[in-house]
Amino acid sequence: MQPRNMSMSGVVDLAAVKAAGEAKAKAEQARAEAARQGGGAPGGAVPPSALVIDVDEAGFESAVLQLSNEVPVVLDFWAEWCEPCKQLGPLLERLAVEANGRFVLAKIDVDANQMLMQQFGIQGIPAVFAVVAGQVLPLFQGVAPEQQIRETLAQLVQVAEERFGILGLQVDPDASGAPAAPAPVPAGPYDALLEAAVVALDAGDLGGAVQAYKNVLADDPANTEAKLGLAQAELLSRVQHMNPQTVRTAAAENPRDPAAQMAAADLDLAGGHVADAFSRLVDTVRVTTGDDRDSVRVRLLELFEVIGADDPRVTAARTALARVLF
């Protein structure tokens, strides 16, 4: 069987990612923080055995859909009688281990999971899909050269990091399967700087707070408190001189204007209307294109940082964003 749909270019327009460098840097900083704290997933690092899993219909939601908010999940539909599957399966398993947590391989035996096979509309195997933030993407069908598969998986990882900040899992080669205890965070000379930022915030000196947080991050880019504080201080800086009525009127009259919608979303978030802020920007991504669309997407990722990746509202918004982008 000849491979088809090998490239992701028909699914995701990577050329449209104008802010990829900034998003990539944020993703790498967060990955460094996860490594320092003992893992990129709740509960610590995962063992290598968690990178290749068997999935059935009963466990699909938790093992694939929920996990896809933390790491891209590659689905390998196979069967024992399928000779091409016996060629592709070991290759995908090896690449998953080499990727070291950048994606997880989920193997699905079609003979035992006919319903999943029907839901995915699979006509022949092996068939390979991916799930990112709850959104299913067809990758390819059949066996292909290793280099082509590597390139496709690299694009998948790139999209997950740059568009959604999905960083993958931290892997502990010595872990046996039990969650690893978080490593102690090294003490750093940041207490005074962080305290200065808080004092500046309390005094209404948002510029001073922003600079204080940046001073910490210049030396420790993965400092969680400084990253969160900076995101919040920058948000407050953007809204402090806004006229709420003017901003909301402009947003209502110009639903496709990225600047108007981003300003209104900032006000929503600053006022505690988190879900409203996220849905406003997701809707704006839906109706815009090109640079306008990407500027809104980047602002939405910035607002995710203000709330925190573990918040269920962020998880829901990531899934909604994925549906719009893919």
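**Exercise 1. Find the residue of β3 that is the bridge partner of Trp-78, and describe how β2 and β3 pair.**

Step 1. In β3, Trp-78 has Asp-109 as its bridge partner. Strands here are DSSP runs of E with at least two residues, helices are runs of H or I with at least four, and both are numbered from the N terminus.

Step 2. β2 and β3 pair in the parallel sense, over 6 bridges. Two strands count as paired if DSSP finds at least two bridges between them.

Step 3. Together with helix α3 (residues 83-99), β2 and β3 make a right-handed β-α-β unit. Right-handed means that, with the strands pointing away from the viewer, the path from the first strand over the helix to the second runs clockwise.

A note on the model: it is predicted, so local features need pLDDT of at least 70 and side-chain atom pairs count only at pLDDT 80 or more, while totals for chains, interfaces and linings use all residues. Residues are numbered from 1 along each chain as its sequence is written, and side-chain values use heavy atoms, with hydrogens and water left out.

**Exercise 2. State how β2 is joined to β4, and place both strands in the sheet.**

Step 1. β2 (residues 73-78) and β4 (residues 127-132) run antiparallel and are joined by 5 bridges. Phe-77 has Ala-127 of β4 as its bridge partner, and Leu-75 stands opposite Phe-129 in β4.

Step 2. The open sheet has 5 strands in the order β1-β3-β2-β4-β5, with mixed pairing. β1 (52-54) and β5 (135-141) are at the edges with a single partner strand each, so one side of each has no neighbour in the sheet.

**Exercise 3. Which residues of β2 point one way, and which the other way?**

Step 1. Side chains in a regular strand alternate between the two faces of the sheet.

Step 2. Val-73, Leu-75 and Phe-77 point one way from β2, whereas Val-74, Asp-76 and Trp-78 point the other way.

Step 3. Of the 6 residues of β2, 6 are buried. Buried means under 20% relative accessible area, exposed over 50%, and partly exposed in between (1.4 Å probe, protein chains only).

**Exercise 4. Is Lys-107 buried or exposed, and what does its side chain join?**

Step 1. Lys-107 lies in strand β3 (residues 104-109). Lys-107 counts as buried because its relative accessibility is 11%.

Step 2. The side chains of Lys-107 and Asp-76 are joined by a polar contact of 3.0 Å. A polar contact is a pair of N or O atoms within 3.5 Å; within protein, one must be able to donate a hydrogen and the other to accept it, and residues adjacent in sequence count only if both atoms are side-chain atoms.

Step 3. Beyond neighbours within four places in sequence, Lys-107 is in contact with residues including Val-52, Trp-78 and Glu-93. Contact means heavy atoms within 4.5 Å.

**Exercise 5. Which cysteines form a disulfide?**

Step 1. A search of the whole structure gives 1 disulfide, defined as a pair of cysteine sulfur atoms within 2.5 Å.

Step 2. Cys-82 and Cys-85 form a disulfide, with their sulfur atoms 2.4 Å apart. The link of Cys-82 and Cys-85 is right-handed, with 80 degrees about the S-S bond. Both Cys-82 and Cys-85 are buried.
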